[in-house]
Amino acid sequence: MKKLKLFTTILAAAFVFILSACGTSKTSGGDGDKDKTLRVVTDAAYAPFEYQDKGEVVGFDIDFINAVAKQAGYKVKVEHVGWDPLFVEIKGKTADIGISAITINDKRKQTYDFSVPYFLSTNKIMIPKDSPIKSAEDLKDKVVAVQNGTTGQEAVEKLLGAESKNLKKFKDNNLAIMELKGGGADAVVADNTVIEEYVKNNPKENFVIIEDEAAFDKEFYGLLFPKGSKLKADFDKAVKEVMENGEYAKIYKKWFKVDPDLTEVKA
Ligand code: ARG
């Protein structure tokens, strides 16, 4: 009998230990503890915002989150997990912050919190130079490749219909571009900066970008937090400071070679 009691006590102790361990591994520092390193997740297949270079995650967003975290007094570690997993991790609080050229929109705001905006963007269309496509309207009977779960997918669904077989969805944007290159799609719809950089850096591939302001809205990127995250206040403040103190402009210039125009982002 004594033995059984001892056994149950040990079992109970082990159970409590496991439970508490699970609890602490849930967030790394989202409780506002500045000694802990925050886990930042990204989809590093979206150059120049985030991509992998010699096994390292680099890009505008990476420099930006490092500057903002430093300003806010937090340590961060950025990890490539992929686009869909990023949202799962933030929702489940296994990560503290998502940064990935993520557009702030009402649908996402129902499940997540966002920081103040830090970048202006819009969807544009990437096509071969000799394509007959002239506007978003022309995409209606064409095969369009997008990254799954992006605002680009949403915009194209409005044009083609959500069930359209002509809409090809990919896990990351590089795969969508590969589909276009291979002739499996007539166009890619994605964030302007990403496809503009691609076209500029790969002139031999003969792609061009077209803009359609009537079809594609203005979008703003924000940092993604679990709903109710205590980090939002500190990071909002730091984002604004980094935009004011010249740090943002320095990072922007490093990646885009020109000075940023923050009028609309700060409005
Ligand atoms: N801005 C778009 C969105 O939020 C696309 C972002 C894709 N980002 C990425 N790292 N793949 O839906």
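Let's start with the second largest pocket of this predicted model, whose lining is made up, by class, of 5 nonpolar, 4 polar and 5 charged residues. That pocket holds about 280 Å³ of space. Its lining comes to 14 residues, and if you want to find its centre, look for Thr151, Glu154, Lys158, Asp217 and Glu219, which lie nearest to it. Two elements, helix H5 (151–160) and strand E13 (218–221), each put at least two residues into this lining. Of the contributors, H5 gives the most, with 4 residues.

Now move over to the largest pocket. Here the volume is about 450 Å³. There are 23 lining residues, and the ones closest to the centre are Leu120, Ser121, Thr122, Asn192 and Thr193. Which elements give two or more residues to this lining? They are strand E8 (119–128), helix H7 (192–201) and helix H9 (247–256). Strand E8 leads here, giving the most to the lining with 6 residues. Sort the lining of the largest pocket by class and you get 9 nonpolar, 5 polar and 9 charged residues.

So much for the pockets; what about the ligand? Rolling a probe the size of a water molecule over the atoms shows where empty space is left. In this model, the space taken by the ligand turns out to be the largest cavity. Around the ligand sit 14 residues, with Ser100, Ala101, Thr103, Arg108 and Asp191 the closest. By class, that shell breaks down into 5 nonpolar, 5 polar and 4 charged residues.

Zoom in on the nitrogen atoms of the ligand and a few polar partners show up. On the side-chain front, Asp43 has an N or O atom 2.8 Å from a ligand nitrogen. Asp191, which is also among the closest residues of the shell, brings an N or O atom of its side chain to 2.6 Å from a nitrogen atom of the ligand. Ser100 works through its backbone instead: a polar backbone atom there is 2.8 Å from a ligand nitrogen. How much of the ligand's exposed area does the protein bury? Taken alone, the ligand exposes 350 Å², and the protein buries 100% of that.

To put the pieces together on your screen, begin at helix H5 and strand E13 for the second largest pocket, then go to strand E8 with helices H7 and H9 for the largest one. Finish at Asp43, Ser100 and Asp191, where nitrogen atoms of the ligand meet the protein.

Conventions
Residues numbered from 1 in each chain as written. Predicted model: local features only at pLDDT ≥ 70, side-chain atom pairs only at ≥ 80, totals over all residues. Heavy atoms only, no water. Near = heavy atom within 4 Å. Polar contact = N/O pair within 3.5 Å; in protein donor to acceptor, adjacent residues only side chain to side chain. Areas by Shrake-Rupley, 256 points an atom, 1.4 Å probe, with all protein chains shown as cover. 1 Å grid on protein atoms, 1.4 Å probe; cavity = no way out; pocket = protein on both sides within 12 Å on 5 of 7 lines; lining within 4 Å. Sits in = over half its atoms within 2 Å of the grid points. Nonpolar A, V, L, I, M, F, W, Y, C, P; charged D, E, K, R; others polar. Points joined across faces, edges and corners; volume = space filled by probe spheres on them.
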